[in-house]
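Student: I'd like to zoom in on one part of this protein chain. Please take me through it closely, and then work outwards from there.

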Amino acid sequence: MAEVIRMPKMSDTMVEGVIANWLKKEGDVIKSGDIIAEVETDKATMELENYEDGTLLYIGVKVGEAVPVDGIIAIVGTPGEDYSSLLAGAPAAPVAAVEASPAPEAAPIATAPAAPVVDLSSIPAKAVRMPKMSDTMVEGVIAKWLKQVGDVVKSGDIIAEVETDKATMELENYEDGTILYIGAKEGEGVIVDGIIMIVGEPGTDFQPILQQAATPAAPAPAAPVAVAAPAPVKEAPKAPEAKATTSGIQTDSKGGIIKASPLAKALAKEKNINLNWLQGTGDGGRITKSDVENYKPNAGGATGNFISGEESFEDIPNSQMRKTIARRLSESKFSAPEFYLTMEINMDKAMEARVSMNEVLPVKISFNDMVIKAVALSLVKHPKVNSYWMEDRIRVNKHVHIGMAVAVEDGLLVPVIRFASEKSIAQISAEAKELGGKAKNKQLQPKDWEGNTFTVSNLGMFGIDQFTSIINSPESCILAVGGIKETVGVKNGQFYATNIMKLTLTCDHRVVDGATGAAFLLTLKQYLEDPIKMFI
């Protein structure tokens, strides 16, 4: 019996995963424990372990596509086994439920199975439906058709580009045959599980498939509706013809329209040619591929074709990491009543101590290493700052795990230095360098980023004097570390050069009060302004 393989939840914050690489293909025999794919989560790229024995009958997601947690990614079973019910069964149930509510006498729901009795099994054609490409997707918009009616397609072909609520993604075909019908033109939305197109043998009468799909949308008196519903569905193919010439239309600088074929648009973009510069030779002045290829810029100057002031932008789909950052920090920012405390630290002695330590220790100590060590010792003295807000209680952590914010290409990761208060500054330095390297190379594992009780975010190396950070829930505080700046101080009426660093503590007022946060910063100040205290 065929079994479904679903996307597991690989981290505490994971909502969906992206298939980074398939290690198995359809038709392969696999067993429990085999690694079948690599999955990119919001924090790392991890191996996906299979937990069913059998033959890989179906792969529902291609490389680069996202799958919500618990979404279907593959089906395993016996060769030749019919698994269509596993894919189609889920959407069918809600339809019956919708019809049941308007008419309690819903004995006529027995007419719903009458749709399958309409000999769909004998019709050599299949409907291709809009898949659910993200956990929040309700409908998809056809951004671009890559195939047209009459084209022969096979399973695995990319047939269209679909814009979801989160990204524009390629739509993979899963039926072999000829495209008999396309039900939505470019720019139109299709609900999840709605018919996108029909594939089958040339000349097949596919109207019963459309009629069956339209029947549930009709009112309870089922029989007459089967006649009324197909009418709008049949009209759909006419719309693409009417608008076919407008799929490549762009507006010019005067608000008019520019007609261009999709190929001409793609080639112009590749060659960095503005379509405003071209005179189309196609029907109705439409710009063609040859117009772009034969374009020769004028000499320039006042008679040149250049049009200045053109607006442009680029839409970049959000990565899994960026989505998680947005979700987690929004939850924190809009739920925690934050306040901020800033204190200046004289770093003269810390700078001298760092020079001395780097002369004798096997690793190079950074100012960030010194801050982490001082924070860890300060948290031991002020455990309230080392606490979690748990809605119905406050959890005061007795251990100190320092989260270290690390900037990476896609966003931000927070690897954790565990039991930081018990480690030497050399151990902290070595571990910080190792975790920072793993974060940048996407090699972190769950144990590397889970369990932090307090977070340090340092932008001093970027020349930032002072900033505020957003609390990493469920923590109660986060420390923002600015750069060290040489400035002028005054002592006993005398001016002197000194080095100042600003620290800003963001506090969740549900856990930490102003006096508690201030006391923590004062202890931290004492450690950093006289570093010898950290080692005695």
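**A loop and what lies beyond it**

Tutor: Let's begin with Met-461, which sits in the loop between S26 and strand S27 (477-491). Keep in mind that this is a predicted model, where local features need pLDDT of at least 70 and side-chain atom pairs count only at pLDDT 80 or more, while totals for chains, interfaces and linings use all residues. Residues are numbered from 1 along each chain as its sequence is written, and side-chain values use heavy atoms, with hydrogens and water left out. The H and S labels are DSSP runs numbered from the N terminus: helices (H or I) have at least four residues and strands (E) at least two.

Back to Met-461: it counts as exposed because its relative accessibility is 57% (exposed is over 50%, buried is under 20%, partly exposed is in between, with a 1.4 Å probe and protein chains only). Together with Phe-462 and Ile-464, Met-461 makes a nonpolar surface patch of about 330 Å². To join such a patch, residues need over 30% relative accessible area and no salt bridge; nonpolar side chains (Val, Leu, Ile, Met, Phe, Trp, Tyr) are joined within 5 Å, like charges within 9 Å. The areas come from the Shrake-Rupley method with a 1.4 Å probe, and for residues only the protein chains shown count as cover.

Pro-474 is in the loop between S26 and S27 too. Look at the peptide bond from Ser-473 to Pro-474: it's cis, with omega near 5°. Most residues other than glycine have a negative phi, and most peptide bonds are trans.

Keep that phi remark in mind for two spots elsewhere. Lys-442, in the loop between H12 and H13, has a phi near 55°, a positive value in a residue other than glycine. Lys-442 counts as partly exposed because its relative accessibility is 41%. Glu-391, in the loop between strand S20 (387-389) and strand S21 (394-396), has a positive phi as well, near 65°. At 61% relative accessibility, Glu-391 counts as exposed.

H12 and H13 are also tied by side chains. Lys-438 and Asp-448 form a salt bridge, with the closest N and O atoms 3.1 Å apart (the rule: a side-chain nitrogen of Lys or Arg within 4 Å of a carboxyl oxygen of Asp or Glu). Lys-438 is in helix H12 and Asp-448 in helix H13 (residues 446-449), so this bridge ties together parts that are 10 residues apart in sequence. Both ends are tucked away: Lys-438 is buried at 19% relative accessible area, and Asp-448 is buried at 7%.

H12 has another partner. Lys-433 meets Asp-369 in a salt bridge of 3.8 Å, N to O. Asp-369 belongs to helix H11 (residues 367-381) and Lys-433 to helix H12 (residues 425-440), so this pair joins parts that are 64 residues apart in sequence. Asp-369 is buried, at 2% relative accessibility, whereas Lys-433 is partly exposed, at 45%.

By the salt-bridge rule, the count for the structure is 15. One of them joins Lys-323 to Glu-16, with the closest N and O atoms 2.5 Å apart. Here distant parts of the chain meet: Lys-323 is in helix H9 (residues 320-335) and Glu-16 in strand S2 (residues 16-22), 307 residues apart. Glu-16 is buried at 5% relative accessible area, while Lys-323 is partly exposed at 21%.

Now for the rings, which bring us back to S26. The structure holds 3 aromatic pairs (rings of Phe, Tyr and Trp, using its six-membered ring, with centres within 6.5 Å; planes under 30 degrees apart are stacked, over 60 edge-to-face, the rest tilted). One of them is Tyr-58 with Tyr-83, a tilted pair at 5.5 Å centre to centre and 40° between the planes. Tyr-58 is in strand S6 (residues 54-59) and Tyr-83 in the loop between strand S8 (72-77) and helix H1 (84-100), 25 residues apart. Tyr-58 is buried at 15% relative accessible area, and Tyr-83 is partly exposed at 22%. Phe-454 and Phe-520 pair up with ring centres 5.7 Å apart and planes at 50°, so they count as tilted. Phe-454 is in strand S26 (residues 454-458) and Phe-520 in helix H14 (residues 514-529), so the pair ties together parts 66 residues apart in sequence. Both of these Phe residues are buried, whereas Met-461 in the loop between S26 and S27 is exposed.
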